[in-house]
Amino acid sequence: MRLNPFDEPYLTDPAGVWRRILDEPGGVHHDPDLGLWLISSHAHVRRALADPATFGNALTLAPIYDVCPEALQLIMQIDAPPTTAAADPPVHPRTRRALRVTFANTADRVEQRYGPIVRRRVGELVARLVARQGERVDLVREFSTELPLLVLLDLLGVPEQDIGRVRDWADGQIALIWGRPEPAEQVRLAESLLEFWRYCQRLVQARLDDGRYGEDYVSLALEYRDGDDDRLTVTEVASIVFNLLVAGHETTAGLLAHALDQALSEPDRWRAMVEEPARIPAFLSETLRYAPAIDGWLRITLRPVTLGEVTIPAGARCLLLIGAANRDPAVFAHPDRFDPGRPDAADHLSFGHGPHFCIGAALARLEAGIALARLTAAIPGLRLTPDHRRSYKPNVAFRAHRALPAIIDVAPPTGRAVAPDPAGAEVPAA
Ligand code: HEM
């Protein structure tokens, strides 16, 4: 069996391939063309995520394929020290502690610290959509990719005029590392990644030079550092910012797009949330399980490891198929069925598991919960255009919609009586 992650059938509907890998002994498959070990079962993916002594993170943010020498030379100039997803012990426990202190990561803290920013940004974007009553819009371009970026820039204290550049840099990083660009494009993307890293360094240095700290993340991280390199260096602060700007943007954009797609492609699902916003958290949990924004994530083995009947040698690159683990019939009944009522949807691995568990999970849930509540309340008749066909960007890790064309309709869907609250219903985070 071969897995071509860039093939249109796999990109559009990977579940058939995941099923075949899940059926192999131990749910493990070696793909010599990709140079990857594919790990699919829920138990093995969960174990790999939680076992940094066997499954290291050093190559998690390195390009998945061999880049051309010119691009490689540029990438080598990016001297960002590993701090988050690419860090191993002993660095990671230290940088993770810094993240836990400086970045809100529980539902309560996120609500308190980031809630007002999220509500303001959701309000602005929904108002912009409402103003286009009757028109066709692309929900990806005009909502799902915009919201997490705007929220993140507010949190980090990035100037508004830099939004476009940061968006292009973050998109470029994902295409360069987990996509399959041509050599000329690799060079362009590597140049832009280097520029992005330099930008993050300047952002941190400017705050340091200014010396006046505010409520933004860069200020909080510098305060935490308190001049002590053993806690966190200035370059590590810049590296965390560099990582957050990508980790918190495309991922949440993916959750929003998948949730809107799942809801609007079956209008009864959308209508159910319009009529009963309390259904939104469970709907988001099932979206995370069924259609994770990141469905494959890399590790490298630091020593040989036996999973079921299969032994993987040391130094092997492994693609943890989070999407397949979320469809493992050993854990989820009727796993290929989208069912917001399933009791165990939260057992998904879409935010990882163990020491690298997503620090932004609570923020992503808050954003998506508020976004769906406001959209269902303000635009209850929202619907996909009849000619819509699902299509995703070519990528091994991020399953990102190219577009989600929809019609703005503030009238309630026909056939059922609904009385939406124009101010936007509030629901707790998913
Ligand atoms: C639906 C949205 C999101 C998804 C699906 C997601 C997914 C993930 C996954 C799978 C990991 C584990 C990586 C590993 O084990 O190596 C991770 C880690 C991480 N995520 Fe998220 N993420 C989301 C949102 C966010 C947000 C909003 C932020 C911050 C603004 C964020 C920041 C991070 C960071 C910094 C890490 C690395 C943590 C560490 O290595 O200790 N993520 N995320």
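Strands β9 and β10 (residues 405-407) pair in the antiparallel sense, over 2 bridges. The model is a predicted one. Its ligand carries an iron atom with a single protein donor, Cys358. The largest pocket holds about 520 Å³ of space, and the second largest has a volume of about 390 Å³.

**Sheet**

- β9 and β10 belong to an open sheet of 3 strands, ordered β4-β10-β9. Pairing in this sheet is antiparallel.
- The edges are β4 (136-138) and β9 (383-384). Each of these edge strands pairs on one side only.
- Leucine 384 stands opposite alanine 406, a residue of β10.

**Iron and ligand**

- The SG atom of Cys358 lies 2.3 Å from the iron atom of the ligand. The protein gives the iron no donor besides this single one.
- Cysteine 358 sits in a loop. That loop runs between α16 (322-325) and α17 (361-378).
- The ligand is surrounded by 27 residues. The closest are His92, Arg96, Arg299, His356 and Cys358.
- Histidine 356 places a polar side-chain atom 2.6 Å from an oxygen atom of the ligand.
- Asparagine 57 also reaches a ligand oxygen atom: an N or O atom in its side chain is 3.3 Å away.
- Alanine 247 makes its contact through the backbone. One of its polar backbone atoms is 3.4 Å from a nitrogen atom of the ligand.

**Largest pocket**

- The space in this pocket comes to about 520 Å³.
- The lining counts 25 residues, and those closest to the pocket centre are Leu61, Ala62, Ile75, Ile78 and Ala80.
- The elements α4 (69-76), α9 (163-178) and α12 (234-247) each give two or more residues to the lining.
- By class, the lining residues of the largest pocket are 19 nonpolar, 5 polar and 1 charged.

**Second largest pocket**

- The volume here is about 390 Å³.
- Of the 21 lining residues, Asp171, Gly172, Ile174, Ala175 and Lys393 are the closest to the centre.
- α9, α10 (183-210) and α13 (250-264) supply at least two lining residues each. The largest share, 5 residues, comes from α9.
- The lining of the second largest pocket divides into 8 nonpolar, 5 polar and 8 charged residues.

**Across the two pockets**

- Helix α9 gives two or more residues to the lining of the largest pocket, and it supplies 5 residues to that of the second largest.
- The lining of the largest pocket includes 1 charged residue; the lining of the second largest includes 8.

Methods. Residues are numbered from 1 along each chain as its sequence is written. This is a predicted model: local features need pLDDT of at least 70, side-chain atom pairs count only at pLDDT 80 or more; totals for chains, interfaces and linings use all residues. Side-chain values use heavy atoms; hydrogens and water are left out. Donors are N, O and S atoms within 2.8 Å of the metal (3.2 Å for Na, K and Ca); water is not among the atoms, so sites may look incomplete. Helices (H or I, at least four residues) and strands (E, at least two) are DSSP runs, numbered from the N terminus. On a 1 Å grid over the protein atoms alone, a cavity is a set of points where a 1.4 Å probe fits but cannot get out, and a pocket is an open set with protein on both sides within 12 Å along at least five of seven lines; lining residues have an atom within 4 Å of a point. Grid points are joined across faces, edges and corners, and a volume is the space filled by probe spheres set on the points. Ala, Val, Leu, Ile, Met, Phe, Trp, Tyr, Cys and Pro count as nonpolar, Asp, Glu, Lys and Arg as charged, and the others, Gly among them, as polar. Two strands pair if DSSP finds at least two bridges between them. A residue is near a molecule or strand if one of its heavy atoms lies within 4 Å of it. A polar contact is a pair of N or O atoms within 3.5 Å; within protein, one must be able to donate a hydrogen and the other to accept it, and residues adjacent in sequence count only if both atoms are side-chain atoms.
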